[in-house]
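Student: I have a structure open and would like to talk it through with you. Could we go through it residue by residue?

Tutor: Gladly, ask away once it is on the screen.

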Amino acid sequence: IVLAVVVSAGASSSAAAPDDDDADYDSRHASTDSLQDHLLWQLNLTPMTDTDREIAFMLIDGVDDDGYLHTTVEDILESMDPELGVEDDEVLAVLHRLQQFDPSGVFAVDLRDCLMIQLKQMAPETPWLEEAKTVISEHIELLGNRDYPTLMRRTRLKEDSLKNVLHLIK
């Protein structure tokens, strides 16, 4: 009976509004998974120890809908069973592993961190990569303020080079 209702509902909606085929298709095939669901799915495909998996669950729980991490290493350590003997370097190792997940830049604490994660995932031979890392890590405020003359002076980049760096960052 349920199958008949689903089939007839689908048939009537497409017959009633043939002009809305694209919107109807989008609504039927839109993903309703949250970012956390997507991260958990990737975690299930990643081999790790039980302790690392527990750390990963806590880190995923600490990510907001925009992908930013609001849980600290100290928070994780306080939540862990002391008998496990987990230290901050193990939490950081799991965090770095999760930062390789999709979408690129997830588990960052701020915009600078997000952009640096994305840049680190690029091939090392990518043109202008080192300059882009310098701009983000040391001069993101100048970039945000669009203070390009000062940015060029501090990075010793000429205008054309800076344009290439900004294109890579975008």
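Student: Let me start with Gln36: is Gln36 buried or exposed?

Tutor: Keep in mind that this is a predicted model. Gln36 sits in helix H3, which covers residues 35-44. The cut-off for a buried residue is under 20% relative accessible area. Gln36 has 18% relative accessibility, so Gln36 counts as buried.

Student: Which residues is Gln36 in contact with, leaving aside its neighbours within four places in sequence?

Tutor: We have just seen that Gln36 belongs to helix H3. Once the neighbours within four places in sequence are left aside, the contacts of Gln36 are Ile60, Val63, Asp64 and Asp65.

Student: Thanks! Now the charged pairs: which residue does Arg112 meet in a salt bridge?

Tutor: The structure holds three salt bridges, and one of them involves the side chain of Arg112, with an N to O distance of 2.7 Å. Arg112 is partly exposed at 26% relative accessibility, and its partner is partly exposed too, with a relative accessible area of 46%. That partner is Glu141.

Student: How many residues apart in sequence are the parts that Arg112 and Glu141 tie together?

Tutor: Arg112 and Glu141 form a salt bridge. Arg112 is in helix H7 (residues 111-120) and Glu141 in helix H8 (residues 129-144), so the pair ties together parts whose separation in sequence is 29 residues.

Student: What about Glu130: with which residue does Glu130 form a salt bridge?

Tutor: Here both partners lie in helix H8, three residues apart, which is about one turn of the helix. The closest N and O atoms are 3.7 Å apart, and the partner of Glu130 is Lys133.

Student: And which residue pairs with Lys163 in a salt bridge?

Tutor: Lys163 counts as partly exposed at 49% relative accessibility, and its partner, at 47%, is also partly exposed. The two are four residues apart in helix H10 (residues 159-169), so about one helical turn separates them. With 3.7 Å between the closest N and O atoms, the partner of Lys163 is Glu159.

Student: Back to H7: which helix do the buried residues of H7 pack against?

Tutor: The buried residues of H7 are Cys114, Leu115, Met116, Ile117 and Leu119. Arg112 of H7 also has a salt bridge to Glu141 of H8. The helix that the buried residues of H7 pack against is H8.

Student: Which residue caps the N-terminal end of H7?

Tutor: Look at the backbone nitrogen of Arg112, which has a side-chain oxygen 3.3 Å away. That oxygen belongs to the capping residue, Asp110.

Student: Let's turn to the pockets: which element gives the largest share of the lining of the largest pocket?

Tutor: The largest pocket holds about 260 Å³ of space. Of the 16 residues that line this pocket, those closest to its centre are Leu95, His96, Gln99, Asp113 and Ile117. The lining divides into eight nonpolar, six polar and two charged residues. Helix H6 (88-98) and H7 each supply at least two residues, but the largest share, four residues, comes from H7.

Student: Which elements give two or more residues to the lining of the second largest pocket?

Tutor: The second largest pocket has about 150 Å³ of space. Its lining is Leu143, Gly144, Arg146, Tyr148, Leu166, Ile169 and Lys170, a set with four nonpolar, one polar and two charged residues. The elements that give two or more of these are H8 and H10.

Student: Now the backbone: what is omega for the peptide bond that joins Asp102 and Pro103?

Tutor: Most peptide bonds are trans. Pro103 lies in the loop between H6 and H7. The bond joining Asp102 and Pro103 is cis, with omega of about 5°.

Student: What is phi of Trp128?

Tutor: Most residues other than glycine have a negative phi. Trp128 is in the loop between H7 and H8 and is partly exposed, with a relative accessible area of 29%. Its phi is positive, near 75°.

Student: One last residue: is Arg156 buried or exposed?

Tutor: Arg156 lies in the loop between helix H9 (148-155) and H10. Although Arg156 is not a glycine, its phi is positive, about 60°. The cut-off for an exposed residue is over 50%. Arg156 has 76% relative accessibility, so Arg156 counts as exposed.

Technical notes. Residues numbered from 1 in each chain as written. Predicted model: local features only at pLDDT ≥ 70, side-chain atom pairs only at ≥ 80, totals over all residues. Heavy atoms only, no water. Salt bridge = Lys/Arg side-chain N within 4 Å of Asp/Glu carboxyl O. Buried < 20%, exposed > 50% of the residue type's maximum accessible area, 1.4 Å probe, protein only. 1 Å grid on protein atoms, 1.4 Å probe; cavity = no way out; pocket = protein on both sides within 12 Å on 5 of 7 lines; lining within 4 Å. Points joined across faces, edges and corners; volume = space filled by probe spheres on them. Nonpolar A, V, L, I, M, F, W, Y, C, P; charged D, E, K, R; others polar. Contact = heavy atoms within 4.5 Å. Polar contact = N/O pair within 3.5 Å; in protein donor to acceptor, adjacent residues only side chain to side chain.
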